[in-house]
Amino acid sequence: MNHTQTAADAGRPRGGARKAGLRRLSASLLALTAAGAVLLTGCGAGGGNNSDGGGNKSGDRRNLPLPAPVQPSGGAAERDQQGEQSDAPDVAPSPDYLSTFALDVDTASYGYARRALAGGQVPDPSTIRPEEFVNSFRQDYERPDGNGFSVTVDGARTDDDRWSLVRVGLATRAAESERERPPAALTFVIDISGSMSEPGRLDLARESLDVMTDRLRDDDSVALVTFSDEAETVLPMTRLGDHRGRVHKAIDRLEPTDSTNLGAGVRTGYATAVEGLREGATNRVVLISDALANTGDTDADSILERISSARREHGITLFGVGVGSEYGDALMERLADKGDGHTTYVSSRDEALTVFCDQLPQNIDLTARDAKAQVAFDPETVEQFRLIGYDNRKVADEDFRDDRVDGGEVGPGHTVTALYAVRTRPGASGHLATATVRWLDPDSRAPHEKSGGLETGSLRDGVWTASRSFQVTSVAAYFADALRSGDARWSSLPGGLPLEELASRARDLADDTGDKDVAALATAIGQADELHVCDADCAR
């Protein structure tokens, strides 16, 4: 199945959501007819497809898509675009050129793929999420001064028949120093099941927690919950201050035991977090596990429903840290996505220390809640488009401004990148796309928006002559595309390279930038090539 969809299907909600959208559309059209006026706009958006989008080529711009309509959210929506505020148009657009998704800063898919390749195994295509490959690398986007996002949109042409790669880059403010961030109340939920006895699992967690305990501030608080066949709170929420020794003793006593009742661990963890809730602090549950649940409740949605009040009423978010050569990727990813959080995967001491120490502020603090992005493509210049990844983060277009619909939680120091394959019309010239991000302030829950756009004239002549960061983004996306080429649901991206050439490009970029993460990417691509992963050549 090819997931570059026809423009008529792009972004169209299904089932009840689609019916509700049609009802809202009808109501809006009736209101407009009664008023005898039509609201016009020039911003567009999109989903993705293989057929003609049917854009207006006559020069009359009335058919350009509008942003999704304003939805009730408990307060007035604020539009913060180019520093100005304006009311959003209260009319439902045609969805054909809109692409809407919840933001995601997960990186676990890339980390687990690297671990598998290093062990001589080709990762299962179902575990490959391209956005998590792309978001694993540093970007040079401009950062905002306060909470929220900056928006950067750029692109470059491939050598494949009018196809380009368009990058939507979102960045939060820089992470504050340890002294400046808000105090943290962290509940660690630690898997001590038998499977965690493998080297690189519980031993890695113990060492990381010990180092982190020494680096946290005196006004931070820590609780420890363990689970195997049952769950137990081994340390209630404890202000560090003079109690670090007590925390270290609890960590040192962690030993692997029996089966994996992950559901009990999560429920007990959230109950402990609620009991130790601190006003004015960042309250977060940190789940450390191989996610190989084999007893008790093993369904992510059921587990999350049991702790829904803690998430919704108290704003307690989840940070999942995956470990182990065998790893329950799907369960951990589902828990984090629906649990208002994100996931990462660690397989070495250096990676663990980076997550728990160097990146601690960005992994526990929040600058935006329920963040969503909507990209509007111009039907006069765009013929087809396809969002690369975010397959389980898509949002119905009309829900973009419905703040009751779940988005993504993002902390300071993060960047979020969405890459699109876009085919322009012959001779296209002018506006190409407008990207808008919407989020809720983490404290006041007030909504905000910021937008950025791209013209066809700003597309670089070639992907491999674009900026280094754009090239790294492209390499990561093409690599993910190759690793999931065994999945019949996906067709190859335009402009792909054989893995041998892709590895060479990554090595050159690593040499140019001195970035060890890009060097590790080059190594992983080389390992995939040696394992004869199908690449751009064999996929043709």
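Tutor: Let's start with a rule: two strands count as paired when DSSP finds at least two bridges between them. In this predicted model, an open sheet of four strands follows the order β2-β3-β13-β11, and its pairing is antiparallel.

Student: How do you know that β3 and β13 are paired?

Tutor: At least two bridges are needed, and β3 (residues 163-171) and β13 (residues 415-424) share nine bridges in the antiparallel sense. The two strands therefore pass the cut-off. Among the facing residues, L170 has V416 of β13 as its bridge partner.

Student: What makes β2 and β11 the edge strands?

Tutor: Each of them, β2 (150-157) and β11 (382-388), pairs on one side only. Neighbouring strands in this sheet are turned by 25° against each other on average, direction ignored.

Student: Which strands does α12 touch when packing on the sheet?

Tutor: Helix α12 touches β2, β3, β11 and β13, and its direction makes about 110° with that of β3. Since 65 to 115 degrees counts as roughly perpendicular, that is the word for α12 against β3.

Student: Why are α12 and α13 called roughly antiparallel?

Tutor: Helix α12 (residues 468-483) packs against α13 at an angle of about 150°, with the axes 10 Å apart. The cut-off is over 145 degrees, so α12 and α13 are roughly antiparallel to each other. Their crossing is left-handed. On the α12 side the contact includes R468, V472 and F479, and on the α13 side it includes L499, A506 and D512. By class, the contact residues of α12 with α13 are nine nonpolar, two polar and two charged.

Student: And what makes α13 and α14 roughly antiparallel?

Tutor: It is the same kind of test. Helix α13 (residues 499-513) and helix α14 (residues 516-530) pack at about 165°, their axes 8 Å apart. With over 145 degrees as the cut-off, α13 and α14 are therefore roughly antiparallel as well. The crossing of α13 and α14 is left-handed. Among the residues that meet are L502, A503 and R507 in α13 and V518, G526 and D529 in α14. The contact divides into eleven nonpolar, one polar and three charged residues.

Student: Now the sheet of six strands: what is its order?

Tutor: This open sheet runs β6-β5-β4-β7-β8-β9, with mixed pairing.

Student: Why do β6 and β9 stand at the edges?

Tutor: Both β6 (231-239) and β9 (342-345) have a single partner strand, so one side of each lacks a neighbour in the sheet. The average turn between neighbouring strands here is 15°, direction ignored.

Student: How do you know that β8 and β9 pair?

Tutor: Four bridges join β8 (residues 317-322) to β9, and the two run parallel. At least two would do, so β8 and β9 qualify. G322 stands opposite Y345 in β9.

Student: Which strands lie under α5 and α6?

Tutor: Helix α5 (residues 244-252) touches β5 (221-227) and β6, at about 160° to the direction of β6. Helix α6 (residues 262-275) lies across β4, β5, β6, β7 and β8, running at about 155° to β5.

Student: Where does pLDDT stay under 50?

Tutor: Residues 5-66 stay under 50, with 143 contacts beyond four places in sequence in the model. Residues 68-94 also stay under 50, with 61 such contacts. For the protein chain, the mean pLDDT is 83, and 81% of the residues reach 70 or more.

How values were computed. Residues are numbered from 1 along each chain as its sequence is written. This is a predicted model: local features need pLDDT of at least 70, side-chain atom pairs count only at pLDDT 80 or more; totals for chains, interfaces and linings use all residues. Side-chain values use heavy atoms; hydrogens and water are left out. Axes are lines fitted to C-alpha atoms, for helices over the stretch in contact, and angles run from 0 to 180 degrees between N-to-C directions. Angles under 35 degrees count as roughly parallel, over 145 as roughly antiparallel, 65 to 115 as roughly perpendicular and the rest as oblique. A crossing is left-handed if the near helix is turned anticlockwise from the far one by less than a right angle, and right-handed if clockwise. Contact means heavy atoms within 4.5 Å. Ala, Val, Leu, Ile, Met, Phe, Trp, Tyr, Cys and Pro count as nonpolar, Asp, Glu, Lys and Arg as charged, and the others, Gly among them, as polar. pLDDT is the predictor's confidence in each residue, from 0 to 100.
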